Amino acid sequence: MTTEQNVLFTIFGGTGDLAKRKLYPSLYRLYKKGLLKEQFAVIGTARREWTDDYYREIVKETIKDLTISEEHAAEFASHFYYQSHNVNDSEHYVNLKELAEKLDVRYHINGNRLFYLAMSPNFFGTITQQLNEQGLVSDNGFNRLIIEKPFGHDYESASILNEQIREVFDESQIFRIDHYLGKEMVQNISTVRFANNMIESMWNNRYIDNIQITLSESLGVEERGGYYDKSGALRDMVQNHILQIVSLLAMEPPTKLKDKDIRNEKIKALRAVRLYKPEEVKDNFVRAQYGADSSKGTQLNHYQNEMNVADDSQTETFVAGKILIDTFRWKGVPFYIRTGKRLAEKGTQINVVFKNVPLNLFSEDVDEDLPPNVLSIYIQPTEGFSLQLNTKKAGIGLETDTLNLKHKHSAETVANSPEAYEKLIFDCLNGDATNFTHWDEVASSWKFVDVIRQTWDQDHSELPSYQSGSMGPAESDNLLAKDGFKWHWKPVNPDEEN
Ligand code: NAD
């Protein structure tokens with residue numbers, strides 16, 4: 001844990017949804033824990049004309065469920081200053097600089113600056129350039145830049161964006177957010193692997209049959225149709241969150257648990273992901289859109305009939321795919337991934353499916369498969385693990401039974417564990433980039449995704465639709481079936497735990 005941090009936050013997009021829902025509450029949580037003390041200030045900027053007082057009222061409103069007392073909330077909010085600002089207007093940066101210098105002195109900040117770009121990525125290049133040209137980047141403390149997703153829409157656009165940012169900030173100063181990396185159980189993957197010999201020694205192609213990653217959402221696109229229709233599940237979820245999880249599962253043990261060591265291993269894992277040739281995409285990736293549904297009493301639209309979605313849209317709301325990693329450790333072990341909207345249940349889980357015992361001594365047919373051992377890592381909303389084992393059914397004879405050893409974090413632990421954004425801001429304050437994506441990770445991920453996207457863009461055949469409330473189209477099951485596998489996580493009834 002750090003000691004007091006002197007820092008000036010400048011939040012671009014300070015009136016936006018992300019700032020209000022995530023950033024202000026996260027800063028307050030850090031303040032409440034004493035991880036931010038008195039020597040910090042926040043400048044919120046956006047186009048609207050707000051006064052400091054009005055801004056502080058908004059900030060207090062966003063933390064009202066967390067506050068210790070009104071005085072404490074007011075004390076926290078007194079560190080917030082508002083500067084109306086159009087990011088395209090160079091003159092506005094002059095005002096911002098004056099305010100930054102004043103606050104630097106008032107709060108004894110010593111030039112430490114953290115710029116948070118909570119805005120559309122279209123502005124990232126302009127903002128970083130102006131920060132430099134108008135002298136907002138300080139020369140006596142640290143300068144760090146946090147940027148939100150999406151980082152480009154393909155490798156080329158991401159490279160251009162990266163070059164613009166790199167003209168001002170070097171890689172060690174850039175903190176690219178992937179909020180999945182702030183999640184407790186994603187961070188736990190390394191502990192489970194590297195603190196348990198029983199697991200890490202079996203973590204390879206001799207013992208593991210396949211690994212499955214599911215990020216499932218139960219809602220449709222809701223009001224985000226306009227954004228989503230340009231993105232789709234592949235860009236929105238696979239390029240970032242899913243490939244990040246793959247890299248944590250697939251990487252070699254780092255020599256130290258330091259950001260550079262971990263990220264080097266993640267980069268190597270992502271570089272080893274096999275890039276498909278266009279003609280291989282169809283066999284390894286499937287896509288679909290959710291269909292209309294009225295089975296639960298309310299009429300749910302087909303994706304193409306959602307607000308702000310083109311009625312001939314070919315954007316996928318579901319993706320399933322097979323990822324291969326060409327390393328000694330993983331050769332021959334498919335990583336199956338799937339993600340989609342309007343699925344049976346909201347949840348993220350990883351299922352590591354182990355190979356069967358060589359001979360089934362418990363059946364007349366020694367070749368008959370026993371249920372596999374499966375290590376499941378529950379990321380959200382449930383946080384925990386389970387291990388599926390075969391045991392003897394109690395009673396006479398030697399019949400086998402499947403047992404699920406489970407650990408779930410208690411509701412209290414989950415409620416008290418820091419929010420992803422809180423952890424990530426804290427890490428950034430400490431200059432710890434472990435849970436942020438390095439450019440080389442972003443680049444490898446886009447190169448993998450681009451082939452799939454470009455192949456799909458040239459294929460004008462009708463997308464299959466899947467039933468809302470299911471776990472996706474039959475094509476997703478077939479993807480595994482043709483390799484002799486099946487999805488382990490099958491939510492049948494949301495009340496029934498898997
Ligand atoms: P938003 O539309 O709610 O907020 C955008 C902000 O940018 C507003 O404060 C607006 O005033 C400001 N802005 C727009 N044009 C401006 C200009 N020319 N000059 C100055 N300010 C301007 O968006 P959001 O949902 O807060 O998202 C911000 C970023 O965070 C996006 O990159 C988004 O993809 C990412 N993100 C958001 C969420 C979320 O939960 N909202 C989650 C993940 C990632």
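This is a short dialogue on reading the ligand site and the sheet in a predicted model.

Me: Which residues come nearest to the ligand?

Reply: Start with the shell of residues around it. Here that shell holds 20 residues, and T15, D17, L18, R21 and M119 come nearest. Helix α1 (residues 17–32) gives the largest share, three residues.

Me: How many shell residues are nonpolar, polar and charged?

Reply: Sort them by class. Nine are nonpolar, six polar and five charged.

Me: Which protein atoms lie close enough to the ligand to count as polar contacts?

Reply: Look for pairs of N or O atoms within 3.5 Å. A backbone N or O atom of M119 is 2.9 Å from a ligand oxygen. The side chain of N86 places an N or O atom 3.0 Å from a ligand nitrogen. For R47, a polar side-chain atom lies 3.4 Å from a nitrogen of the ligand.

Me: What share of the ligand does the protein bury?

Reply: Compare the ligand alone with the ligand in place. Alone it exposes 820 Å², and the protein buries 75% of that.

Me: What is the strand order in the open sheet?

Reply: Read across the strands. The nine strands run β14-β13-β12-β11-β7-β10-β9-β8-β15, with mixed pairing. At the edges are β14 (400–408) and β15 (465–466), each pairing on one side only. Strand β13 (residues 384–392) pairs with β14 in the antiparallel sense over nine bridges. L389 stands opposite L403 in β14.

Me: Which strands do helices α9 and α15 touch?

Reply: Check contacts, then direction. Helix α9 (residues 225–250) touches β7, β8, β9, β10 and β11, and its direction makes about 145° with that of β10. Helix α15 (residues 474–481) touches β7, β8, β9 and β10, and its direction makes about 10° with that of β9.

How values were computed. Residues are numbered from 1 along each chain as its sequence is written. This is a predicted model: local features need pLDDT of at least 70, side-chain atom pairs count only at pLDDT 80 or more; totals for chains, interfaces and linings use all residues. Side-chain values use heavy atoms; hydrogens and water are left out. A residue is near a molecule or strand if one of its heavy atoms lies within 4 Å of it. A polar contact is a pair of N or O atoms within 3.5 Å; within protein, one must be able to donate a hydrogen and the other to accept it, and residues adjacent in sequence count only if both atoms are side-chain atoms. Accessible areas come from the Shrake-Rupley method with a 1.4 Å probe; for residues, only the protein chains shown count as cover. Helices (H or I, at least four residues) and strands (E, at least two) are DSSP runs, numbered from the N terminus. Ala, Val, Leu, Ile, Met, Phe, Trp, Tyr, Cys and Pro count as nonpolar, Asp, Glu, Lys and Arg as charged, and the others, Gly among them, as polar. Two strands pair if DSSP finds at least two bridges between them. Contact means heavy atoms within 4.5 Å. Axes are lines fitted to C-alpha atoms, for helices over the stretch in contact, and angles run from 0 to 180 degrees between N-to-C directions.
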